[in-house]
Amino acid sequence: MLIGTSCKKIGYFASSFSHNDVTKMEGCPRSLMLNVDLKETFPTEFTPALKAYIRDHYNEDAESYSNECSQLEQLRSASLRPSRDHSGCSTLRRYYAQLQFLQSRFPMGDGGAVNVQFSWTDLYSEEPISLCDVKFEQAGVLHNLAALHSQLGCHEDRTTEEGMKVACTHFQAAAGIFQFLKAGSFCKVEHFIDHFSSEDVFDMSGALLQMYTNVMLGQAQECLLEKSILDSRKDSLIARISMQVHDYYNEALQFLLTHGPSYMSSKKAKTWAKNLTIKCCQFSTVSFIYMSNNADENQKFGEKVTYLKAASQKITEAQKSSKGQPEKTQEILQFLVDVVSNKLQGAVKDNDFIYHEVVPELVALPEIKAAPLVKPIPFQPNDPSVSGPDIFQRLIPMEAHTDSSLYSEEKAKLLRRYVSSIENKNQLLR
């Protein structure tokens, strides 16, 4: 779904400015961002299966671990509907880490002795899917963690410098988790597909996760673009940063146009595709505007006209696709139309009456090389500051009990041998 940020204008740009003035892009309203919905999951019980395994495998009093089982159950309950804030992210991260710890003591994989069923609803088919595999549970938790980061990034007020930084961090974190899930750092998502029909688990297919990653990186790059404009960085650099925003969104858009309805609901795919189509045109326009500023600075007035004509064409395409879009989107497009039309009118007039330079075709100009400034934040599942202590840390694996017994027996053998030798030597000495 689309989430609107607080789109306050930092001194909205007035259309009546001199055509030689630099573009007042600092006043551009903040665009709407895309977020991923959280998957729905259902209650499950760890306690009966865990206690049975503790009793049968570890030969310990299973009831003495009631507190640990209760802690795990409470942690999962909190993860079912995490709070929409940093605390919610911490809860999901801790639960994921505890599931990692759990696997070191209990065989909870597909076909394992500890049989706990996990159920999650597919986002787009809306059908519940159940599997007795802790890795399936972990995949759902990771998906929701990334989705929550995407929502928090959307809700940040990006009219402030701090808001831009926080939103950028959330989007990069979401990209890192989606990438981690796709790469199968803990398991291959395809591991689950054998259990379901071809229509299932598409909300966690590798292709869809890659599309999510591209969108999140595009939104993180967009935050940096907004910061770069406020910081008045070089026009050519801003143009390159904006072109990278376009490239991230365009890659996601091509997937949606080609495969979107096969992986998402047709309505969702259509909504995202329309939004990304507008964004691609929007950030091409911004890139061309700043290249025109750069051309003006280098006294290449024919090139300046070329870039502004290209910007005019792109923003016109965006407006044609904007029917039915939110009011804030319409504001942004109108803002860019005003900027481009004023600058283009002035640039053409100056070139016609003063400079008389040839206006080249856009294809004859050097390609605007995109400048990627963001990357996925690597997901660190075992960070002690997040995971907290292992809930079942006092439950020593049976193998450790066996190894400890073997160690004690070997140590006793050595002691008996050396004590006997000492006694013999003492007797000889006497």
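Let's start with a pair of helices in this predicted model: α7, which covers residues 206–230, and α8, which covers residues 235–263, have axes that come within 8 Å and cross at roughly 155 degrees. Angles over 145 degrees count as roughly antiparallel, so that's how α7 and α8 lie relative to each other. As for handedness, the crossing of these two helices is left-handed. And what sort of residues make up the contact of α7 with α8? They divide into 16 nonpolar, seven polar and two charged.

Stay with α8 for a moment. This helix has 29 residues and spans 39 Å from its first C-alpha to its last, close to the 42 Å expected at 1.5 Å a residue. Follow α8 along to L257 and you'll meet a kink of about 60 degrees, shortly before the proline P261.

Now hop back along the chain to α5, the helix made of residues 161–183. With its 23 residues, α5 reaches 33 Å from first C-alpha to last, close to the expected 33 Å at 1.5 Å a residue. Right after α5 comes G184, and its phi is positive, near 70 degrees.

Our last stop is a loop. Look between α12 (384–387) and α13 (398–429) and you'll find F392. Is F392 buried or exposed? Its relative accessible area is 2%, and anything under 20% counts as buried, so F392 is buried. It's also worth checking F392 against R105: the two are 287 residues apart in sequence, yet 8.5 Å apart in space, going from C-alpha to C-alpha.

Technical notes
Residues numbered from 1 in each chain as written. Predicted model: local features only at pLDDT ≥ 70, side-chain atom pairs only at ≥ 80, totals over all residues. Heavy atoms only, no water. Axes fitted to C-alpha atoms, helices over the stretch in contact; angles between N-to-C directions. Helix = DSSP H or I, 4+ residues; strand = E, 2+ residues; numbered from the N terminus. Parallel < 35°, antiparallel > 145°, perpendicular 65-115°, else oblique. Left-handed = near helix turned anticlockwise from the far one by under 90°. Nonpolar A, V, L, I, M, F, W, Y, C, P; charged D, E, K, R; others polar. Expected span 1.5 Å × (residues − 1). Bend = angle between axes of the 7 residues up to and from the residue. Buried < 20%, exposed > 50% of the residue type's maximum accessible area, 1.4 Å probe, protein only.
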